[in-house]
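Trainee: Please choose one part of this model and take me through it closely, explaining each term as you reach it.

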Amino acid sequence: MTEKATTGEPFNFNKLPARDYLEQRQALIQAFRTVRRHSEQIASPFSPEDQQIQSMPEASPVKWHLAHTSWFFETFILAEFAPRFKWFNEHFCYLFNSYYNAVGRQYPRPQRGLMSSPGLEHVMQYRKQVTTHMLDLLQGCDDDLFEKLAASLVLGLNHEQQHQELIMTDISHALLYRNCEQGQPVSKQPVCMNSSESNSSTNGWLDFKGGEAITGYQGQGFCFDNELAAHLELLQPFQIASHLVSNADWIEFMDAGGYDDPLLWLCDGWAWKMKNGISCPLYWLQVDDNWYHRILSGPEGMPARRAVSHISYYEADAFASWKNARLPREAEWEQVARSYGWKTNREPDRKPDNKKWRSNSVYDLDRCWQWTQSAYSAYPQFQASPGMAAEYNGKFMVNQIVLRGASQATAAFHSRASYRNFFYPDARWQFTSLRLARDSD
Ligand SMILES: [Fe+2]
């Protein structure tokens with residue numbers, strides 16, 4: 001076992017070069033245990049009934065996520081490599097295959113909430129069996145076999161971590177949707193708008209000269225296929241905001257009639273806004289001229305300086321237009337992240353009185369996912385991962401928008417400067433925010 005695995009320090013398996021998989025075998029096995037356990041810990045506060053619900057076609061029940069992540073290991077590792085392999089239940093291949101057409105047919109995604117069987121208890125037995133068989137395989141196989149399956153193992157761990165974030169955002173959507181009907185705010189202050197806090201956004205523009213910039217993953221560790229190939233992009237000179245747009249900024253936008261001015265909105269965005277009656281970010285609630293946001297414990301006041309979240313690309317773009325700015329291109333965002341280093345800066349609040357926070361730096365890289373203006377498409381020389389994982393990313397490269405960064409729900413070490421998240425432009429149940437950019441004069 002490695003030093004890192006024994007000291008209790010978090011083990012970042014994504015930084016591990018493939019050639020070191022064997023040397024770090026015990027640490028990878030420990031990481032497998034940790035990731036599997038963490039999914040169950042996230043789910044455990046929710047009742048079986050809550051874990052069953054699905055509030056919209058794009059979201060899935062917690063129970064389904066717990067089963068699907070097990071199906072992934074069962075299908076891509078156990079079925080491939082385990083001696084004397086037997087499916088836990090062959091019908092689960094249909095129920096818990098998400099979108100892998102080459103693997104087989106799938107139960108309709110919008111109806112996952114109707115899947116009363118298997119029940120949660122049965123799903124937990126499934127998880128347990130898959131975890132046990134995986135550990136038997138990982139601990140018992142020879143080095144040659146471990147080397148063969150290690151890349152799929154690391155992909156499976158990253159996959160389960162992605163679903164951990166989805167568990168949190170999907171159950172939040174389901175429960176907050178319900179809580180929406182439960183009446184008035186019960187606690188705390190509404191959004192605080194005192195004068196020292198009201199001018200908190202874009203409190204610094206950072207200059208970038210432009211020129212050739214490396215975009216895409218460079219390194220020996222794990223990355224998703226959509227981060228490759230690293231290549232040069234030619235950037236024009238630009239400026240980027242040091243901070244994300246805040247709740248207070250958003251209220252200014254709303255008070256200025258931002259949701260009512262069609263000239264600020266993309267055509268599709270205006271149609272979406274009108275059709276759905278959108279007039280504020282998801283989970284916001286106005287009572288007696290005060291704004292609250294709904295969280296699982298009930299509506300509560302919002303810190304004015306905290307980054308606005310749960311907004312669509314359409315809203316982000318309209319806000320940027322209102323500010324005579326724009327959203328960053330993903331290559332610009334990546335250059336900013338590379339220039340300032342990829343470090344965790346999830347501070348509970350900004351500290352504008354602290355000189356350090358006024359200095360020339362960039363904040364909130366990983367506080368919320370940040371909409372870019374870049375369509376999600378293949379990089380030059382992109383090649384889908386080999387084998388069944390070919391369907392993981394590449395086939396979604398149409399009609400979606402890239403988000404960069406990470407969020408408070410993202411697993412530690414999961415994201416990085418080159419990481420490309422992607423959603424449809426109307427999606428807003430993730431922790432989505434925006435950082436303004438503009439062309440240099
Ligand atoms: Fe998945």
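Mentor: Two residues count as in contact if their C-beta atoms, placed from the backbone, lie within 7 Å. This is a predicted model, in which local features need pLDDT of at least 70 and side-chain atom pairs count only at pLDDT 80 or more, while totals for chains, interfaces and linings use all residues. Residues are numbered from 1 along each chain as its sequence is written. By way of approach, Ile29, Phe32 and Arg36 in helix H2 meet Thr131, Met134, Leu135, Leu138 and Gln139 in helix H5, helices being DSSP runs of H or I with at least four residues and strands runs of E with at least two, numbered from the N terminus.

The part I would look at most closely is strand S9, which spans residues 401-405 and is mostly covered, with 5 of its 5 residues buried, a residue being buried if 20 or more other C-beta atoms lie within 10 Å of its own. Both faces share in this, since the buried residues are Ile401, Leu403 and Gly405 on one side and Val402 and Arg404 on the other.

S9 also has two partner strands, where pairing requires at least two DSSP bridges. Strand S8, residues 369-375, runs antiparallel to S9 and is joined to it by 4 bridges, and along this pairing Gln370 stands opposite Arg404. Strand S10, residues 421-423, pairs with S9 over 3 bridges, again in the antiparallel sense, and there Phe422 is the residue opposite Val402. Arg404 and Val402, the two residues that face these partners, are buried on one side of S9.

How values were computed. Buried ≥ 20, exposed ≤ 12 C-beta atoms within 10 Å, placed from the backbone.
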